[in-house]
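Visitor: Before we begin, I would like to go through the terms used for this structure one by one. Please set each value against its definition as we go.

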Amino acid sequence: MLQLPKTCYIGLALSALATPAAASEMFASDSPWMLGDWGGTRSELLEKGYDFTLGYTGEMGSNLHGGYDHDRTARYSDQFTFGSHLDLDKILGWQDAEFQLTITERHGDNISNDRINDPRVGGFTSAQEVWGRGETWRLTQMWIKQKYFDGALDVKFGRFGEGEDFNSFPCDFQNLAFCGSQVGNWVGGIWYNWPVSQWALRVRYNLSDELYTQVGVFEQNPSNLESGNGFKLSGSGTQGAVMPIELVWTPRIQGLKGEYRAGYYYSNAKAQDVLKDSNGQPAAVSGAAYRSSSSKHGMWLGAQQQVTSLASDQSRGLSLFANATVHDKKTNAIDNYVQAGLVYKGPFDARAKDDIGFAVARVHVNPAYRKNARLANQAAGLYDYDNPGVLPVQDTEYSAELYYGIHLADWLTVRPNLQYIRHPGGVSQVDGALVGGLKIQSSF
């Protein structure tokens with residue numbers, strides 16, 4: 001029998017408290033906050049421009065079948081988010097200006113690390129997306145935003161991650177392949193998603209009510225990833241900059257919302273070749289250092305579109321989505337990624353705020369990266385996958401997830417899910433894994 005960490009039961013305890021009450025009271029199901037409106041103080045502060053948030057995300061994963069290690073267990077990871085958003089127009093009379101400050105804390109364990117993936121090479125996706133970037137406190141957001149020319153020009157400066165504005169995607173699924181900015185998942189060495197931040201500038205221009213373009217410059221500083229640098233503000237260790245550009249179209253097709261994104265990123269920092277040395281020979285054979293490239297680049301496409309709705313409630317209905325990324329084959333382990341899925345909101349009249357989601361993804365390894373692993377094994381005289389010294393050859397990983405989101409209160413959603421990962425980490429010798437998950441999202 002599985003022994004689950006005590007924190008796994010937080011969602012059950014919170015749901016028991018979600019009893020009907022006035023929206024201003026604690027645990028009221030129709031309140032956006034578990035702790036209520038603080039006797040009306042919270043609404044008064046919001047009206048004056050002060051918005052304070054405390055969020056919690058918890059995720060449990062259990063290897064029900066298959067994977068690298070068949071010894072079944074369960075793991076839990078979570079994140080606390082402390083945020084404040086200030087409307088500087090209301091507070092200081094600074095027209096069309098906002099300020100955001102967010103601090104996060106992560107801790108826990110991930111079932112993917114040693115049960116699903118071969119630890120010798122690790123994996124590409126994660127069955128618990130909230131795990132990652134260290135068990136530590138971080139300054140995740142500290143930015144100021146100013147609009148000009150009646151909102152046509154939008155400038156944002158401070159500390160934040162690329163995925164906050166570029167290649168953005170919701171995070172209701174628990175598997176990382178369906179959660180958040182996907183570019184950051186496949187070039188994580190240069191593109192830092194939440195909760196890591198860096199100095200950045202983003203400029204957006206609204207071409208029309210439905211179309212805008214934006215460009216950014218983000219500090220590329222690997223030292224920001226270190227656990228001890230969660231609040232680092234200096235630029236020491238900076239290697240260059242990541243510069244994304246994106247075109248975003250947000251139409252209403254027959255009254256239904258859509259969002260379409262196309263973008264490109266370029267890094268001017270040096271990047272290591274995945275196969276060759278400075279003489280153009282395989283480095284795994286020559287023994288020389290891998291050559292460096294003067295840049296790294298890639299592109300992405302993303303689409304989300306609601307396709308059905310109820311006449312009485314347009315928030316209910318079926319939405320489809322798809323994402324794809326392509327990356328530099330000289331310097332990146334992953335050369336392309338594709339994903340598609342659907343979400344149906346309000347599946348039943350009695351459960352109008354519940355949602356159902358299903359998605360599939362394919363992560364493909366760069367052939368040059370794969371060739372490098374084969375040559376490294378040949379150079380070492382290792383051919384048996386079961387030999388601890390072998391570097392497993394990675395090819396293609398497939399992931400799928402099905403979830404049902406139970407809207408217990410406006411401040412609490414619990415999403416039990418099933419995930420299937422075929423060839424975890426792209427290693428064909430690893431058995432396909434079935435993972436049982438539970439995602440808790442709450443706002444205090």
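Guide: Let me start with accessibility: a residue is buried when its relative accessible area is under 20%, exposed when it is over 50%, and partly exposed in between, with a 1.4 Å probe and protein chains only. This is a predicted model, in which local features need pLDDT of at least 70 and side-chain atom pairs count only at pLDDT 80 or more, while totals for chains, interfaces and linings use all residues. Residues are numbered from 1 along each chain as its sequence is written, and side-chain values use heavy atoms, with hydrogens and water left out.

Visitor: Why is Arg351 called partly exposed?

Guide: Arg351 has a relative accessible area of 31%, which lies between the two cut-offs, so Arg351 is partly exposed. Its partner in a salt bridge is Asp354, which has 2% relative accessibility and therefore counts as buried.

Visitor: What makes the pair of Asp354 and Arg351 a salt bridge?

Guide: A salt bridge is defined as a side-chain nitrogen of Lys or Arg within 4 Å of a carboxyl oxygen of Asp or Glu. The closest N and O atoms of Asp354 and Arg351 are 2.8 Å apart, so the pair meets the definition. In general, side chains of opposite charge can pair when their charged atoms come close.

Visitor: How do you know that Arg115 and Asp114 form a salt bridge too, and what is the accessibility of each?

Guide: Their closest N and O atoms are 3.4 Å apart, which is within the limit, and therefore the pair counts. Arg115 is buried at 11% relative accessibility, whereas Asp114, at 28%, is partly exposed.

Visitor: Asp118 and Arg120 also meet in a salt bridge; what makes one of them buried and the other partly exposed?

Guide: The N to O distance of this pair is 2.8 Å. Asp118 has a relative accessible area of 0%, so Asp118 is buried, while Arg120, with 26%, falls in the partly exposed range.

Visitor: How many salt bridges are found in the whole structure, and which residues are linked in a network?

Guide: The search of the whole structure finds 22. Asp154, Lys156, Glu164, Asp165, Arg202 and Arg204 are linked in a network of salt bridges.

Visitor: What is notable about the phi angles of Phe149 and Asn167?

Guide: Most residues other than glycine have a negative phi, and most peptide bonds are trans. Phe149 has a phi near 55°, a positive value, and the phi of Asn167 is also positive, near 55°. Phe149 lies in the loop between strand E4 (137-148) and strand E5 (153-160), and Asn167 in the loop between E5 and H5; here helices (H or I, at least four residues) and strands (E, at least two) are DSSP runs, numbered from the N terminus.

Visitor: Are these two residues buried or exposed?

Guide: Phe149 has a relative accessible area of 65%, and is therefore exposed; Asn167 has 3%, so Asn167 is buried.

Visitor: Which peptide bond is cis, and where is its proline?

Guide: The bond from Trp194 to Pro195 is cis, with omega near 10°. Pro195 is placed in the loop between helix H5 (183-186) and strand E6 (198-206).

Visitor: Why is Asn110 called buried, and which residues is Asn110 in contact with?

Guide: Asn110 has 3% relative accessibility and so counts as buried; its place is the loop between strand E3 (97-108) and helix H4 (112-116). Contact means heavy atoms within 4.5 Å, and, leaving aside neighbours within four places in sequence, Asn110 is in contact with Arg75, Ser126, Ala127, Gln128 and Trp131.

Visitor: How does the radius of gyration of the chain stand against the globule rule?

Guide: The radius is taken over C-alpha atoms, and the rule is 2.2 Å times the number of residues to the power 0.38. For 444 residues a compact globule would have a radius near 22 Å, and the chain has 23 Å, which agrees. Of the 444 residues, 48% count as buried, and the chain has seven helices and 19 strands.
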